[in-house]
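Hi,

Here is the structure I said I'd pass along. Have a look at it first, and then read on for what turned up.

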Amino acid sequence: MQQIIKQTWHLAASIICFFLRLLYGILGMELTAQAAASFLQFAKFCIIGVSNTVVSYVVYTASLLLFQHLDMFQAYDYLAAQGIAFVLSVLWSYFWNSRTVFVARETGRKSVWKSLLKTYITYSVTGLFLNAALLYLWVQVLHISEFIAPLLNIPFSVPINFILNKCWAFKE
């Protein structure tokens, strides 16, 4: 399985680098190895982010439907569902980012727990506080469906998450 993942990342990296070289060539610029590596790292983060979004949305929707069926949390069921989705999706994100995007040199038990804790703190900034505030805005103020609202948060949270993960949670 690990070999398939490596081959998939290599294929994706080759395709991305091809288009980057093409774009840089059109702009009359030279694509440096450092620029390509940074872009590929962000691209991997975004690809994992897509899977993380799917996990989060499925957990959020399932929780929301369950709460509505059981008549739990009433007017704030979407916030409770968001909390559950947050916990599970951050764990998913940490697992994949630590193995493919921000590969740590230290692999000791202490460093794993430290980076996992930092990841939860990092995602708390966007996943709990920013997303909860935006959900409240979308649902309560703008009356957007609570099923659509989490998708509107993505352009706000992804860049912030990448920077916080790269510069702090997984910093070597």
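Let's begin with the empty space inside: two cavities of 30 Å³ or more were counted. Bear in mind throughout that this is a predicted model.

The largest cavity holds about 400 Å³ of space. Its lining takes in 26 residues, and Asn52, Thr53, Ser56, Asn131 and Ser157 are the closest to its centre. Two or more lining residues come from each of α2, α3, α4 (109-141), α5 (149-152) and α6 (154-169). The top contributor is α2, which gives eight residues. What sort of residues make up the lining of the largest cavity, by class? There are 12 nonpolar and 14 polar residues in that lining, and no charged ones.

The second largest cavity has a volume of about 40 Å³. Around it sit Trp9, Ala12, Ala13, Ile16, Leu40, Ala43, Lys44 and Ile47. Here the elements giving two or more residues are α1 and α2. By class, the lining of this second cavity splits into seven nonpolar residues, no polar ones and one charged.

Now a step back to the overall layout. The protein has six helices and zero strands, so to read it from the N terminus on you simply get α-α-α-α-α-α. Along the principal axes, the C-alpha atoms fill a box of roughly 55 × 45 × 30 Å.Next, how the helices pack. Helix α1 (residues 2-26) and helix α2 (residues 33-70) meet at an angle of about 125 degrees, and their axes are 10 Å apart. That angle makes α1 oblique to α2. The crossing of α1 past α2 is right-handed. On the α1 side, the contact is made by Trp9, Ala13, Ile16, Cys17, Leu20 and Tyr24. On the α2 side, Ala35, Ala36, Phe39, Leu40, Ala43, Lys44, Ile47 and Ile48 take part. Sorted by class, the residues of this contact are 13 nonpolar, no polar and one charged. Some of these names should look familiar: Trp9, Ala13 and Ile16 of α1 are in the contact, and Trp9, Ala13 and Ile16 are also among the residues lining the second largest cavity.

The other pair to look at is α2 with α6. At what angle do the axes of α2 and α6 cross? They cross at roughly 125 degrees and come within 11 Å. That makes α2 oblique to α6, and the crossing of α2 and α6 is right-handed. From α2, the contact uses Gln41, Phe42, Phe45, Cys46 and Thr53. From α6, the partners are Ile154, Val158, Asn161, Phe162, Asn165 and Lys166. This contact of α2 with α6 has six nonpolar residues, four polar and one charged. Thr53 turns up twice, as part of the contact with α6 and as one of the residues closest to the centre of the largest cavity.

Last, a pocket. The second largest pocket has a volume of about 210 Å³. Which residues line the second largest pocket? They are Gln2, Ile5, Lys6, Trp9, Lys44, Phe95, Trp96, Arg99, Thr100 and Val103. Both α1 and α3 (77-100) supply at least two residues each to that lining. Its classes come out as five nonpolar, two polar and three charged residues. Trp9 and Lys44 line this pocket, and Trp9 and Lys44 line the second largest cavity as well.

Best wishes

Conventions. Residues numbered from 1 in each chain as written. Predicted model: local features only at pLDDT ≥ 70, side-chain atom pairs only at ≥ 80, totals over all residues. Heavy atoms only, no water. Axes fitted to C-alpha atoms, helices over the stretch in contact; angles between N-to-C directions. Helix = DSSP H or I, 4+ residues; strand = E, 2+ residues; numbered from the N terminus. Parallel < 35°, antiparallel > 145°, perpendicular 65-115°, else oblique. Left-handed = near helix turned anticlockwise from the far one by under 90°. Contact = heavy atoms within 4.5 Å. Nonpolar A, V, L, I, M, F, W, Y, C, P; charged D, E, K, R; others polar. 1 Å grid on protein atoms, 1.4 Å probe; cavity = no way out; pocket = protein on both sides within 12 Å on 5 of 7 lines; lining within 4 Å. Points joined across faces, edges and corners; volume = space filled by probe spheres on them.
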